[in-house]
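Let's take a walk through this protein together, starting from its strands and working outwards to its domains and charged pairs. Keep the viewer open as you read.

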Amino acid sequence: MTSKNWAGNLSYSASGLLQPTSVDELREMVAATPRIRALGSRHSFNRIADTTAVQVSTAGIPLDLSIDPVGRTVTVGGGARYGEFARQLDRAGWALHNLASLPHISVAGAIATGTHGSGDRNGCLSTEVAALEIVTADGGTLTLRRGDPDFDGAVVSLGALGVVSRVTLDIELAFEVRQDLFANLPRASLTDHFDEITASAYSVSLFTTWGEVGADPVWIKSRMDALAAAPTSGEIFGAHRVPVQRSPLAEAPAVNTTVQGGVPGAWWDRLPHFALEYTPSNGEELQTEYLVPRRHAIDAFEAVRALAPRLRPHLLVSELRTVAADDLWLSPSHSEDCAGIHFTWQQHIPEVAALLPDLDAALAPFGSRPHWGKLFDTDPGRMPQLYPRLTEFRELAERLDPGHKFRNEFVDRWLFDA
Ligand SMILES: Cc1cc2nc3c(=O)[nH]c(=O)nc-3n(C[C@H](O)[C@H](O)[C@H](O)COP(=O)(O)OP(=O)(O)OC[C@H]3O[C@@H](n4cnc5c(N)ncnc54)[C@H](O)[C@@H]3O)c2cc1C
């Protein structure tokens, strides 16, 4: 049994890991187990997937990919990792609208936390969900489709409603993307032209260590079917195009990243920053992220910058992205277009823990919502204000899981006792 999360910063407290190989077996296990918690690919940095009871992984349930070309959806097992089926989808002529920085995560785990990529008009990955099959507390299955009354509450669930056994995702015609990196964006350009920069291409990420340079690199992903307007050469607001392959992390090998340098490639091989066959990011790290409403982005950046001398000794790099608003009740990008302010930390566990209350306090005035799967120390008392549909979520959870089979300390603290 694996007892640590991907980053190795925490050991799970679970007494065991169940690994069903079919949905029927999963149903029997859920029905027979008094307290159980779904585990995805273990990429979260906090105790969201942990339990003192038993964990269950759906990774062993066959992928069973099925494409509906008329309805434009693909259905896969919840435990499927994006990288496992993306090529197959592409070969059939289809694509997902976006991916996170890594293809190694499971679909059910990603959608449960509102995991996102970047792009002004790209909602988080949970917005791709068209339907969900959930194994509920009594071992029954419940299918919820977009438009059903409980659907918007059930997608970003933090694993608190049941175990997602199958997921149906929206697809679109396959497309190609090219990646271009631009170095040394001046600080004034970040502050004065953030909106123009993020609007300049399909997906834009800006990396920074909060120093004198505004961003380095600016990582631009342009769809080849919308290339006319995208910046692919020369400079963008004072940042110059980088001709060589580069990792956003100074220490990490460039080979870990997906192909840059303007070489067009399939959506699945360009939308993530990190390639499936390599370790994503740095490996030995911690992560934190806050989603702030777009209208407060620049003020929020300045609030972080004011803390920079304290952050920098522990920071590998920050990444600024944009995420379109959605209707999902517990999504960190619920109802407002957002800017994501992400921190990849060195694995300085106590030092980062000590910084988090101050970072939370600095960003709270902007209505910041923490990424559910990363490290944060937000006052749980802020949750009802941050999530106006929280009461409805609690009612939904009470209906689907009256015996609190799927609860853990994490969801009790942030969702139910808040
Ligand atoms: C290197 C790295 C890069 C990352 N990049 C990004 C990024 O670009 N964008 C971003 O937003 N996040 C990013 N993350 C965070 C990551 O996407 C989230 O933490 C995500 O939730 C991890 O998914 P997982 O499959 O590992 O789920 P886990 O971490 O194992 O679990 C997360 C949650 O999902 C629930 N869950 C898992 N499976 C099921 C299921 N079958 N049914 C019901 N609930 C389930 C768990 O109970 C838990 O609540 C990154 C993380 C790492 C380590």
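Two strands count as paired here when DSSP finds at least two bridges between them. With that in mind, and remembering that the model is predicted, look at strand E13, residues 203-208. E13 and strand E20 (residues 315-323) are joined by 3 bridges and run antiparallel. Strand E15 (residues 218-223) is also antiparallel to E13, with 4 bridges between them. A useful residue to select is Leu-206, which stands opposite Val-218 in E15 and opposite Leu-320 in E20.

Are the residues of E13 buried or exposed? The strand is mostly covered, with 6 of its 6 residues buried. Ser-203, Ser-205 and Phe-207 point one way, while Val-204, Leu-206 and Thr-208 point the other way, and burial holds for all of them.

From Leu-206 you can step across to Leu-190, since Leu-206 is among the residues that Leu-190 touches. Leu-190 is found in helix H5. Because its relative accessible area is 2%, and the cut-off for burial is under 20%, Leu-190 counts as buried. Leaving aside residues up to four places away in sequence, the neighbours touching Leu-190 are Leu-185, Leu-206, Gly-214, Ile-298, Phe-301, Arg-305 and Leu-320. For a sense of distance, try Gly-78: Leu-190 and Gly-78 are 112 residues apart in sequence, and their C-alpha atoms are 38 Å apart in space.

Two of those neighbours, Phe-301 and Arg-305, lead into helix H6, residues 297-306. Its buried residues are Ala-297, Ala-300, Phe-301, Ala-303, Val-304 and Arg-305. An α-helix has 3.6 residues a turn, so residues three or four places apart point the same way. What do the buried residues of H6 pack against? Their partners are helix H5 (187-199), strand E19 (285-293), helix H7 (308-311), E20, strand E21 (338-346) and helix H8 (349-363).

Now move to another strand, E9, which spans residues 163-170. Here 7 of the 8 residues are buried, so E9 is largely enclosed by the rest of the structure. E9 pairs in the antiparallel sense with strand E5 (residues 73-77) over 5 bridges, and 6 bridges join E9 to strand E7 (residues 129-135), again antiparallel. Leu-169 is a good place to see both pairings: Val-74 stands opposite Leu-169, and Leu-169 is the bridge partner of Val-129.

Charged pairs add another kind of link. Side chains of opposite charge can pair when their charged atoms come close. The count for the model comes to 22 salt bridges. One of them joins Asp-170 to Arg-146, with the closest N and O atoms 2.7 Å apart. Asp-170 lies in E9 and Arg-146 in the loop between strand E8 (141-145) and helix H4 (151-154), so this pair ties together parts that are 24 residues apart in sequence. Asp-170 is partly exposed at 26% relative accessible area, and Arg-146 is partly exposed at 43%.

Helix H5 takes part in salt bridges as well. Arg-187 and Glu-212 meet through their side chains at 3.5 Å, N to O. Arg-187 lies in H5 and Glu-212 in the loop between E13 and strand E14 (213-215), so the pair ties together parts 25 residues apart in sequence. Arg-187 is partly exposed, at 29% relative accessibility, whereas Glu-212 is exposed, with a relative accessible area of 66%. Asp-195 forms a salt bridge with Arg-294, whose closest N and O atoms are 2.7 Å apart. That pair links distant parts of the chain, with Asp-195 in H5 and Arg-294 in the loop between E19 and H6, 99 residues apart. Asp-195 is partly exposed at 49%, while Arg-294 is buried at 18%.

Finally, zoom out to the domains. The domain assignment gives domain 1 (16-57), domain 2 (66-174) and domain 3 (176-240 + 283-371). The centres of domain 1 and domain 2, taken over C-alpha atoms, are separated by 19 Å, and 12 residues of domain 1 are in contact with 19 residues of domain 2. Between them they bury about 1100 Å², 69% of it on carbon and sulfur atoms. What holds for polar pairs across this boundary? There are 4 residue pairs in polar contact, and the salt bridge count is 0. On the side of domain 1 that touches domain 2, helix H1 (23-32) and strand E2 (36-39) are the elements giving two or more residues, with the largest share, 5 residues, coming from H1.

Key:
Residues are numbered from 1 along each chain as its sequence is written. This is a predicted model: local features need pLDDT of at least 70, side-chain atom pairs count only at pLDDT 80 or more; totals for chains, interfaces and linings use all residues. Side-chain values use heavy atoms; hydrogens and water are left out. Buried means under 20% relative accessible area, exposed over 50%, partly exposed in between (1.4 Å probe, protein chains only). Domain bounds come from an automatic or database domain assignment. Contact means heavy atoms within 4.5 Å. Buried area is the accessible area (1.4 Å probe) that two parts lose on being put together, summed over both. A salt bridge is a side-chain nitrogen of Lys or Arg within 4 Å of a carboxyl oxygen of Asp or Glu. A polar contact is a pair of N or O atoms within 3.5 Å; within protein, one must be able to donate a hydrogen and the other to accept it, and residues adjacent in sequence count only if both atoms are side-chain atoms.
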